[in-house]
Amino acid sequence: MITPVLPTYARIDLEFERGEGCWLVTTDGRRFLDFTAGIAVNVLGHANPYLVAALTAQAEKLWHISNLFRIPEGERLARRLTDATFADTVFFTNSGAEALECAIKMARRYHFANGAERPRMIAFEGAFHGRTLATIAAGGNPKYLEGFGPGLPGFDHVPFGDFAAVEAALTPETGAILVEPIQGEGGVRVPSSDFLKRLRDLCDARGMLLVLDEVQSGVGRSGRLFAHELAGITPDIMSVAKGIGGGFPMGACLATEEAAKGMTTGTHGSTYGGNPLAMAVGNAVLDKVLEEGFLDRVQQASGRFRQGLAALQDRHPAIIAEVRGEGLLLGLRAHVPAADLVVALRAEGMLVPGAGDNVVRLLPPLTVSDEEIAIACDKIEAACRRIEEEMQLLPVRGAAE
Ligand SMILES: *Cc1c(COP(=O)(O)O)cnc(C)c1O
C-alpha cells in the first residue's frame, strides 16, 4: 500500500479525538479505557489540567533557544532530579533512545578519561533500548538488526537474570553492564531480587559502570520514583524518558559526577534536548510525582489491581498463565497468543500493548482510580470469556437454547 507515512508500524485502525485521564475518545465518540498510556508515557493521564496549564503558560513565553544559552527551567529540573536520586548531573534528550546514546557514550568516555581500553558492555537477551543504530546493537534483537548493515560493535549479550553468564562474558575490555531493572518490551520480566545487587557488586569489584535503562520503569511506574530503589542499589548512569515528560517528548541521562567525568565541553550535544517547553512540562510532571503520597497511591493501586488480576487468573487458568511486574508496570503472561488477548480487550473497549514472552502489558496512567481498576478487571474478565467461548471451553452462550 502506498502511504505518506512510512509503514514501519502495523497501526490499529482507531482515530482518537481527545483524551480524559485514563480514557480515550474516538472521532466517532467511542470511549476506550487506556491502559497503554502511550506505552508507559502518560503518567498523569490525558489532558491533565496541571500539565496543560504548565505547557500553555510556557508556550506563551519561550519555546526554544538552543543549548548555546542557559536554560533556567532545565537547571531547575536537573537540580530536582539530582536531589531526588543518586545522580549529580543530567543531560536532557528528546527520547529514550537518545538517553541511551548518551549513557553508552558516557560509559565509554569514562574509561577513555581513565586512559583505559574498556569500550565493551554486557547487555541482556530480551532487552529493549531503542531503535537507533547504537541502541539496536545494545538491545541485540536480531529482528531489529536485520538488514541494517554492520552493527555497532562492543555489546556482549547474556541471558537476563543469569549472573554466572555475566561473569563468564567478562573480558578485560568490559567497561560497563547495561540492564533494565525490569524488562518492559521484553515481557515485564522482573529479575530476582539479588541479581541487580550482584551486578552492582561486580561493577564495583571490577571498576565497571552499572548503567540502568529506566526509560520504561522510571518516574513512579514501579511504585518507587525509580525501580532500582526496589533492589536497594544505585547505578552510575541511568537513562530515563517515557514518563518523565508525561507525553511531551523528552528524556534524560543521569549520572554520578565520577561516571560523567569524560563528558567535557564539546563531547556531546542536542539541538532540542532540554528546551524550555520540554523543561516546563518536565518540572510540572515532577511536581505531581514528587507530591506527598503520590507513590504510595501508585503502590496501593498496584496492590488492588494485582489482587483483581490474581482472582482472574484463578477463574481463567486456560487464558492467564501468570501475573507479573511491579507497581503499575504489570503484565499478564498468557496461555493463548497474547495478541489474541490484546484484540479481545480492544473489543471490550480497553487498550493494552503486548510485549515479548507472550505477555500483555497493563500500563495505566499512574493516576488510575480504584473504580477504573475495577472496570479494567471486568473488561479483562469479559475478554477472557470471549476467548474461552471461541475456544469452546465454555458452551457458547445461547447454544443450549
Ligand atoms: C521505550 C524504551 C526505549 C526507547 O525509547 P524511545 O523514546 O522510543 O527512543 C529505551 N529503553 C526502554 C527500556 C524503553 O522501554
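**Reading the labels on a predicted fold**

Trainee: Why does asparagine 358 count as partly exposed?

Mentor: Its relative accessibility is 29%. Buried means under 20% and exposed means over 50%, so a value in between is called partly exposed. Asparagine 358 therefore takes that middle label. Keep in mind that this is a predicted model.

Trainee: Where does asparagine 358 lie?

Mentor: In the loop that links strand E14 (354-355) to strand E15 (359-362). Its phi is near 55°, a positive value, and the residue is not a glycine.

Trainee: What makes alanine 40 count as buried?

Mentor: Alanine 40 has 2% relative accessibility. The cut-off for buried is under 20%, so alanine 40 counts as buried. Alanine 40 belongs to helix H1, residues 37-40. It too has a positive phi, about 65°, without being a glycine.

Trainee: How much of the protein is buried?

Mentor: Buried residues account for 52% of the 401 residues. The accessible surface is about 18,300 Å², and carbon and sulfur atoms contribute 53% of that area.

Trainee: How many helices and strands does the protein have?

Mentor: There are 13 helices and 15 strands.

Trainee: Why is the protein called as compact as a globular protein of its length?

Mentor: The radius of gyration is 22 Å, and the globule rule gives 21 Å for 401 residues; the two values are close, so the description holds. Along the principal axes, the C-alpha atoms fill a box of roughly 80 × 55 × 50 Å.

Trainee: What share of the contacts between residues at least 6 apart in sequence joins residues at least 24 apart?

Mentor: The share is 72%. A contact here requires heavy atoms within 4.5 Å.

Trainee: What is the order of the strands in the open sheet?

Mentor: The order of the 4 strands is E1-E2-E3-E13, with mixed pairing.

Trainee: What makes E1 and E13 edge strands?

Mentor: Strand E1 (16-20) and strand E13 (350-351) each pair on one side only.

Trainee: How do you know that E1 and E2 are paired?

Mentor: Two strands pair if at least two bridges are found between them. E1 and strand E2 (residues 23-26) are joined by 4 bridges, and they run antiparallel. The count meets the criterion, so they are paired. Within E2, leucine 24 stands opposite glycine 19.

Trainee: How many charged side chains are there, and how far apart are the centres of the two sets?

Mentor: The protein has 50 negative and 38 positive side chains, and the two centres lie 1 Å apart.

Technical notes. Residues numbered from 1 in each chain as written. Predicted model: local features only at pLDDT ≥ 70, side-chain atom pairs only at ≥ 80, totals over all residues. Heavy atoms only, no water. Helix = DSSP H or I, 4+ residues; strand = E, 2+ residues; numbered from the N terminus. Rg over C-alpha atoms; globule rule 2.2 N^0.38 Å. Buried < 20%, exposed > 50% of the residue type's maximum accessible area, 1.4 Å probe, protein only. Areas by Shrake-Rupley, 256 points an atom, 1.4 Å probe, with all protein chains shown as cover. Lys, Arg positive; Asp, Glu negative; His and termini not counted. Charge placed at Lys NZ, Arg CZ, Asp CG, Glu CD.
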